[in-house]
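Subject: Structure handover

Hello,

Here is the structure for you to take over. Please open it first, then read the notes below it.

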Amino acid sequence: MDLLAPELWRGLLYQDQGKPEREPERDAPSESPSSLMDTYGPSISSLSSSSYLSTHYHHSANFSSSSSSSSSVLCLTPPLPPTVELPAVLTETRLTLDVYQGGAAALPLIWGSLPGQVRGVQYLRLGSEEKTGLDGALDVVSHLTELRSLAIRGHCFYDSQGDPLPGLLTSLPSSFSSLCHLVHLDLSFNQLSSLPSCLLSLPVLSSLLLCHNHLTALPPDTGQLSSLTYLSLFGNELVSLPPSIGKLKALQTLDISHNLLQHLPDEIGSLEDLVKLELSHNKLKQLPESMSALLSLRELVIYSNDLRLIPHCVNKLPLLKIDVRDNPLGRPPTPPPLPPAPDKAEIPELHLGFNQHSFCVSSAGCHVFLPGGAELLFPPECLVTTRRLKWLENRPGKKLVQLEEHDILLSHPLELRPHGITFLKPVEVCLPYHRTKRREVAVQRFDGQSWSILPTILRRGSESHSSHPGGRPARLACCTVGQFSWFMVVSRPVKDSCSLTQAGALLVSSSDPGIKLQFPPDSTVQTRTITLQVLQVSVSEVQALCGDPQASVSPLLCLTQTPSIQFLQPIKVQVPLPSGVTGHTVDTSCLYLLHGDPTAQTWTDITSQVSLYVTHVYAVFYITHFSWYWLWYTTRRCVSGVVRKVYQRLKQFKVQFLVLQRKTDPSQVMLQCLPSNKVDTRVQSLSEQYDGPQPSDLCDLLEGEQFFAGFEKGLDISTERPDCLEGRLCFVFYSSLKNLKEVYICAAQSQKGPVRGQVSFYRGEVPDNLPEEVARKRKGQDSQWLATLPLRLPALNSENNFIMEEPQYPPLNLGDPESGYLTEANLLSISLQIGQDWRVIGINLGLSYQELDRIQYKFRDNLGALVLDMLFLWARGQRTEGPGAVSRLVEAMIESGRRDLAEEIEDIVSIGKRKYSESLRRVGLEAENSTLG
């Protein structure tokens, strides 16, 4: 049922435009507070596009010539950007200043230059994020006596951390009572602690939105707002409602959800025209019997309260739909909580170091803080006996990581052992991650065979356990588990789901409320699970990729269902028109609806095959099966091919490669691949310790794509590594991880003197979901060269050492035929990964405290040299200790909690043994052949 306030708003819009346009029918009686204004007026995104503004300005037949001449004289800089001219914000009856940060400060400027034209404005939108500009604008608003709609909202813009900027409106001047024509007022996302008294004097105010403020009570004379048909108090701090609420006789929609209401006044039964009542997420324990008089009520939303009984008279209301989820209906009253036992001990805390990879948990529980910001919370009595548990941060790879389309890996896989252990109570696992805008963050679990997404709660970590000393606590993605396995954090487009029955349903995107799916009754026989994902796309990036400066796109819709069968009735889909396009300016011959096949990675133009029409802000079309849908506005004709190429490019990341040498030891080389927007900061942070060529040119890589780094022209890696294939280091690119490796290099055997070599990067194995035609171009090691960077290795002196000021270490070979060999280069490679664990490892290797203290004092400013000296001191002492040196090193690493290094040493030795056996076989065959000859 359409409500009176939206109908009146629509009538005002038609009156302003001169003729009605076709509007989409209302999907539900209640619109969200933000969408109520946006549905019937230009969207923020459309107003921010200069192409739309220019077109709209030239197509406004009633726009006075005086404004056109004045716009060339009036300068809006500051406070608006230099490129913004007057027609971009002001039409005959509409002034929009909430699409530019600090735009409210422009209102006094425009008022001072064009008071006659501004006085006739009927629709005004202001942002409230800047206090000084807002105060000046409020002084002007009271003079705009023709205003019919006014929006002064916060949360229009975001700070550098991606958090929305709050509105700073705390009150309204009493002069606002002169706005006698005001019908719609939106003051959401501000700092109002009480209802401004001037609002009580507005005679025709029918729609009032006060969402997300700090209202604790309404004034006793609230009933003076007798013209109200729509009132939203969503997200405040109201404890009760005044009895005068019953005097709002015209009220049709009342939204008081997400407050602190404990009871409702009996006078609420006097709202005879009330159609929808929203009371979810309060603390209501009962409903008044007077609600039986609400004969017009069609929808009562009371989920997430403390209701144990619904009055019989309310259940008997005709045509009433009630949502009672998450209420303790039928349960006995909850007894008052018992006072906490005075002797009950708090859960103990345990802070682990990088070298502590195991810990014990008893039946008392434990709160474990891992290095890097991760947390594990074991509740009391989750274990019967004390158990030793282990953790390990793994390198991401295909075995542990599987990403869906558009997923991004945000953390390294965290392995918790033993895998088979079962807890009596759920254990909370919290992993740190970096924030991503407009995306959903979730914990992914790998149980050794399959991957699954776990229900995830996001929170900040402990104040005393920041991942960076002195910094803010880490952002944590938390889940509860009953068994241990591998866990990692991924980000993905926001998923919204609903259960579709034969009665029909409405699914609204939480990331963009303008995107809706309406399922009519009888569209299915069996119950299905519907999932909607929305991928926001940068218009400027699309324009650059397709070469069309006028191109624009809507968000990309990814629709899925279980089971996957066609619907019995067409499904109505509503999406915002591409940015910069409105129903008045759209050239329908340039509007295309594309259907995507996620399996074949193809796009098909289906514009002529569906029922597609546009309103002022939205496009509406009907479908009978689910897939990907993308609305395009472009002057190009071969649309399908262009969209396919643009989509493939949008999935790629612009990256640069770094090749840096440590200043104190040029044979130590760091290789890293980062998105281009992170490179400058990274290079600056490494400039004190590393030196090298400028970062590479821009290259394209996919999330999870493999690439190789090869040392060429006289350079070689000086050690055998498990991640080194045919002389090339193997990487897997993840945009939110470091993608970093450090190695020691040496000159090739034939090289003498300084070596001017290079490092080249090549594409490797690509993700499975890449289209076949693209994958074909990326196979092979040399066929897909990415970048090459120069690398210089200094000459060696007569003692076969680099000509450096700092002392180097004598060459040695550690080990024996039985346990295997480790070369000097192997030890150098291992030393790079020891870090702060060097002292614990030294003790487990048998070095004395005096020796370790001497090493620490000698190299107190150089951790790398400190680790090398410790490791080589032990290695030189093994010459007289007999066989088994490698085994002793492996045991010391395990005892020190560095099983990862122990496994790497075993891999290196295994590779060496295999090569040695192969060489013996070759020698044996050659000797046999010579004998036969």
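H212 sits in the loop that runs between β5 (207-209) and β6 (230-232). The model is a predicted one. Phi of H212 is near 55°, which is positive, and the residue is not glycine. That deserves a note, because most residues other than glycine have a negative phi. Is H212 buried or exposed? Neither: H212 has a relative accessible area of 32%, so H212 counts as partly exposed.

A second histidine belongs here. H406 also has a positive phi, near 75°. Look for H406 in the loop between β15 (387-393) and β16 (408-409). H406 has a relative accessibility of 16%, so H406 is buried. The cut-off for buried is under 20%.

Now the peptide bonds. Most peptide bonds are trans. Two places in this model are cis instead.

- R417 to P418: this peptide bond is cis, and omega is near -5°. P418 falls in the loop between β17 (414-417) and β18 (422-433).
- T562 to P563: a cis peptide bond joins these residues, with omega about 0°. P563 falls in the loop between β29 (556-562) and β30 (571-576).

Where should you look first? For the positive phi values, go to H212 and H406. For the cis bonds, go to P418 and P563.

Best wishes

Definitions and conventions:
Residues are numbered from 1 along each chain as its sequence is written. This is a predicted model: local features need pLDDT of at least 70, side-chain atom pairs count only at pLDDT 80 or more; totals for chains, interfaces and linings use all residues. Side-chain values use heavy atoms; hydrogens and water are left out. Helices (H or I, at least four residues) and strands (E, at least two) are DSSP runs, numbered from the N terminus. Buried means under 20% relative accessible area, exposed over 50%, partly exposed in between (1.4 Å probe, protein chains only).
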